[in-house]
Amino acid sequence: MAGVSGCLKYSMFIFNFLFWLCGVLILGIAIWVRVSPGGDEIISYGDSSVHFRVPANILISVGAIIMILGFLGCCGAIKESRCLLILFFIGLLLILLLQVAAGIIGAVFRPEYARIVNETLHEEAKLLSDTGDAAVKFQKTIAEFEEVFKCCGLVNGAADWGNNFEKYYKSCECPPNSNSSCAIYEGKYVYKQTCVSSINQYLEKHIIIVIGIAFGLAVIEVLGMIFSMILFCQIGEK
């Protein structure tokens, strides 16, 4: 019987070590997306928070699973364990199928997702003019967002702030020499651009990150399945 190729064995080990590192990277990026301040804080005010944190939570789970599978693959290659290799193969196959299903669902429901975001932003724009204590935290988040993304208000510009404009106008303030991006509201120069477009761009950027990771991961998974099956067959022929 032919022996197991040492080159294939150690190539499989190196591949799975890199696969494990991919899991660490995905986990790190997902945690960063989950905790980073930005548009998600704005649209997650109130009961809608769960919906907009689901993608990051899924990536955290995927990253952790990939780390476990990478460990199984490394052990299976070094110990020449058919059991560990077949578990590795099945795990990769399941993740690949879930990715395909998630991609199809995401493509189908993307317009619905955009509609929910816009409806949520229009509803929460009312909180900017609210004088109650419950809205203060949200108003401070918007003010910080305005300073970073050079926008003003959510939907109707500075008018969204209502009677709170004098309190928060500094975050909307636009340098007078930037005439093309400024407007005058109650005697003050403020940014013309509302924050709706900035928030949508922020969310799109995160979606692109997720899609890029998923596509790259799918290629790695297919290669891992091929490697594991070749090694699995060679071990069976010993």
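This briefing describes the fold, the disulfides, the helix packing and a few selected residues of one protein chain.

The model is predicted. The chain has 238 residues, of which 39% count as buried. Its secondary structure consists of seven helices and two strands, and three disulfides are counted in the model. Among contacts with a separation of 6 or more, 74% join residues that lie 24 or more positions apart.

**Overall architecture**

- Along the sequence, the elements follow the order α-α-α-α-α-α-β-β-α.
- Helix α3 covers residues 49–79, and helix α4 covers residues 82–124.
- Helix α5 spans 136–149, helix α6 spans 165–172, and helix α7 runs over residues 195–236.

**Disulfide pairing**

- A disulfide is a covalent bond that joins the sulfur atoms of two cysteines.
- When the bonded cysteines are numbered in sequence order, the pairing reads 1-6, 2-3, 4-5.
- The three pairs are treated one by one below.

**Cys151 and Cys195**

- The sulfur atoms of Cys151 and Cys195 lie 2.0 Å apart, and the two residues form a disulfide.
- Cys151 sits in the loop between α5 and α6, while Cys195 belongs to helix α7; the pair links distant parts of the chain, 44 residues apart.
- The disulfide of Cys151 and Cys195 is right-handed because the torsion about its S-S bond is about 90°.
- Cys151 and Cys195 are buried.

**Cys152 and Cys172**

- Cys152 is bonded to Cys172 in a disulfide with 2.2 Å between the sulfur atoms.
- Cys152 lies in the loop between α5 and α6 and Cys172 in helix α6, so this link ties together parts that are 20 residues apart in sequence.
- The link of Cys152 and Cys172 is right-handed, with 90° about the S-S bond.
- Cys152 has a relative accessible area of 0% and is therefore buried.
- Cys172 is likewise buried, because its relative accessibility is 0%.

**Cys174 and Cys182**

- Cys174 and Cys182 form a disulfide in which the sulfur atoms are 1.8 Å apart.
- The link of Cys174 and Cys182 is left-handed, with -65° about the S-S bond.
- Cys174 and Cys182 are both buried.

**Another cysteine**

- Cys22 counts as partly exposed, because its relative accessibility is 23% and the range for that class runs from 20% to 50%.

**Packing of α5 against α7**

- Helices α5 and α7 pack at an angle of about 80°, and their axes are 11 Å apart.
- This angle makes α5 roughly perpendicular to α7, since that description applies from 65 to 115 degrees.
- On the α5 side the contact is made by Phe145, Glu146 and Phe149, and on the α7 side by Cys195, Ser198, Ile199 and Tyr202.
- By class, five nonpolar, one polar and one charged residues make up the contact of α5 with α7.
- Cys195 therefore has two roles in this description: Cys195 is bonded to Cys151 in a disulfide, and Cys195 is part of the contact between α5 and α7.

**Packing of α4 against α7**

- The axes of α4 and α7 come within 8 Å and cross at roughly 165°.
- The two helices α4 and α7 are therefore roughly antiparallel to each other, as angles over 145 degrees are classed in this way.
- The crossing of α4 and α7 is left-handed.
- The contact of α4 with α7 has 24 nonpolar, six polar and four charged residues.

**Ala77**

- Ala77 is located in helix α3.
- Because its relative accessibility is 0%, Ala77 counts as buried.
- Beyond its neighbours within four places in sequence, Ala77 is in contact with Lys9, Met12, Phe13, Leu85 and Leu231.
- Ala77 and Leu231 are separated by 154 residues in sequence, yet their C-alpha atoms are 7.7 Å apart in space.

**Ser81**

- Ser81 is found in the loop between α3 and α4.
- Its relative accessible area is 19%, so Ser81 is buried, the limit being under 20%.
- Apart from residues up to four places away in sequence, Ser81 touches Gly76 and Ile235.

Note on methods. Residues numbered from 1 in each chain as written. Predicted model: local features only at pLDDT ≥ 70, side-chain atom pairs only at ≥ 80, totals over all residues. Heavy atoms only, no water. Disulfide = S-S within 2.5 Å. Helix = DSSP H or I, 4+ residues; strand = E, 2+ residues; numbered from the N terminus. Buried < 20%, exposed > 50% of the residue type's maximum accessible area, 1.4 Å probe, protein only. Axes fitted to C-alpha atoms, helices over the stretch in contact; angles between N-to-C directions. Parallel < 35°, antiparallel > 145°, perpendicular 65-115°, else oblique. Contact = heavy atoms within 4.5 Å. Nonpolar A, V, L, I, M, F, W, Y, C, P; charged D, E, K, R; others polar. Left-handed = near helix turned anticlockwise from the far one by under 90°.
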